[in-house]
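Q: Got a minute to go through this fold with me?
A: Sure, let's have a look.

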Amino acid sequence: MPRYEFRCRACGATFEVNRPMARAGEPAPCPQGHADTVKLLSAVAVTGRGGGSGAASPASGGGCCGGGCGC
């Protein structure tokens, strides 16, 4: 279940709420009981199981920036 981070405008507390994505936009009261909260944008890390060492592959092929024009 996704975790959403909120900040209370009244006391400044930051807290997290686990809830379904369908309820992501609903307000969440802070643990102190204040209702004036705002949902924060959180960074998400996505990792894959792709091949290679994780380094970017060199550009190749068409277009000027791809090395096709020899500049």
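Q: How many bridges join β1 to β3?
A: β1 and β3 run antiparallel and are joined by 3 bridges. Strands here are DSSP runs of E with at least two residues, numbered from the N terminus, and two strands pair if DSSP finds at least two bridges between them. One of the links puts Cys-8 opposite Thr-37 of β3 as its bridge partner.

Q: Before I go on, what kind of model is this?
A: A predicted one: local features need pLDDT of at least 70, side-chain atom pairs count only at pLDDT 80 or more, and totals for chains, interfaces and linings use all residues. Residues are numbered from 1 along each chain as its sequence is written, and side-chain values use heavy atoms, with hydrogens and water left out.

Q: OK, what order do the strands take in the sheet?
A: The order is β2-β1-β3, in an open antiparallel sheet of 3 strands. β2 and β3 (37-39) are the edge strands, each pairing on one side only.

Q: And how do β1 and β2 pair?
A: They're antiparallel too, over 5 bridges, with Thr-14 in β2 as the bridge partner of Arg-7. Their hairpin has 5 residues between the strands, and Gly-12 there has a positive phi near 85 degrees.

Q: Which β2 residues are on the covered face?
A: Phe-15 and Val-17, while Thr-14, Glu-16 and Asn-18 make up the uncovered face.

Q: Switching topic, how much of the chain is buried?
A: 15% of its 71 residues, where buried means under 20% relative accessible area with a 1.4 Å probe, protein chains only.

Notes: Buried < 20%, exposed > 50% of the residue type's maximum accessible area, 1.4 Å probe, protein only. Helix = DSSP H or I, 4+ residues; strand = E, 2+ residues; numbered from the N terminus.
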